[in-house]
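User: Could you take a close look at one helix in this model and walk me through what surrounds it? I would enjoy one connected account.

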Amino acid sequence: MNTTVETILSHRSIRKFTDQPITAEQLSTLIDCARAASSSSNIQCVSIIRVTRTENRELLAEYAGNQAYVSSAAEFLVFCADFNRHQQIKADAKLGFTEQTLIGAVDSALMAQNCLLAAESMGLGGVYIGGLRNNPDKVCSLLNLPENVFPMFGLCLGYPDQDPGKKPRLPASLVLHEDSYQPIDQTELADYDETMRNYYRERTQGQNEQSWSEQISAILSKEARPFMKDILNKQGFSQK
């Protein structure tokens, strides 16, 4: 197994960081790695906001659901779908299509994952902050995001100050379908549920023994940010 595969398979989310800074050279390399990601039709519709002001970090941590590591990480990057840049090139650009929202989301994720994998290869760690979408209007205002720019998620980066266990993923048998979509194998699912129960039991000293199916059922029993369409429309996305 080569080092690239080892890095990918060793991924863990890091939420506690040391005070050691990321050097300017390291950050430059991480941004270069992000920029090297694939881009749909070479549209390159992503901008990254590096947030350095303490007061802004603290506000973003609050907006994201009081996630303190947003302010304590060495670096915090916000990945934004950005078609404003294209509108500056072509004033009458045909924007606002749902397809462009999908492209912006996909390209943001590709760039961010490149960035995180490169960071992990340097001995750094990180965690994605989708919680920014709890208050996207406030995030847009704080970061001065114009129309046709939307904050997809944030990424904390820094030197790990914790060694969390690796969270088990769904087995390949439940993820990989051959030739056509297949119904879920209930036996495989039951085995994975038990694996997750054991994981949470050990991680929380017995305070949480929730299975994956129970976790997903709870999440999908409530609305998922029902305000999202309105704020996307306001920023110029998914209007048609």
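**A close look at helix α6**

Analyst: Let's begin with T101, which is buried, because its relative accessible area of 10% falls under the 20% cut-off. Please keep in mind that this is a predicted model. T101 is found in helix α6, the helix that spans residues 98-121. Leaving aside residues up to four places away in sequence, T101 touches M152, L232, F237 and S238.

Next comes the packing of α6 against another helix. The axis of helix α2 (residues 24-35) and that of helix α6 come within 7 Å of each other, and they cross at roughly 140 degrees. That angle makes α2 oblique to α6, because only values over 145 degrees count as roughly antiparallel. The crossing of these two helices, α2 and α6, is right-handed. Which residues make the contact? On the α2 side they are L30, C33, A34 and R35, while α6 contributes M111, N114, C115, A118 and A119. Sorted by class, the contact of α2 with α6 has seven nonpolar residues, one polar and one charged.

From here we can follow one of the contacts of T101, namely M152, into the strands. Strand β4 covers residues 149-158, and ten of its ten residues are buried, so β4 is largely enclosed by the rest of the structure. Which strands pair with β4? One is β2 (residues 75-82), which runs antiparallel to β4 and is joined to it by eight bridges. Within that pairing, E75 has L157 of β4 as its bridge partner. Strand β3 (residues 125-129) also pairs with β4 in the antiparallel sense, here over five bridges. In this second pairing, I129 stands opposite G154 of β4.

For a contrast with T101, let's turn to L142, which lies in helix α7 (residues 136-142). Is L142 buried or partly exposed? L142 counts as partly exposed, because its relative accessibility is 23%. Not counting residues up to four places away in sequence, L142 touches N56, L59, L60 and Y63. If you would like a distance to check in your viewer, L142 and G130 are twelve residues apart in sequence and 17 Å apart in space, taken from C-alpha to C-alpha.

To draw this together, α6 holds the buried T101 and packs against α2 with a right-handed crossing. Through T101, α6 also touches M152, while β4 pairs in the antiparallel sense with β2 and with β3.

Notes: Residues numbered from 1 in each chain as written. Predicted model: local features only at pLDDT ≥ 70, side-chain atom pairs only at ≥ 80, totals over all residues. Heavy atoms only, no water. Axes fitted to C-alpha atoms, helices over the stretch in contact; angles between N-to-C directions. Helix = DSSP H or I, 4+ residues; strand = E, 2+ residues; numbered from the N terminus. Parallel < 35°, antiparallel > 145°, perpendicular 65-115°, else oblique. Left-handed = near helix turned anticlockwise from the far one by under 90°. Contact = heavy atoms within 4.5 Å. Nonpolar A, V, L, I, M, F, W, Y, C, P; charged D, E, K, R; others polar. Buried < 20%, exposed > 50% of the residue type's maximum accessible area, 1.4 Å probe, protein only. Pairing = 2+ DSSP bridges.
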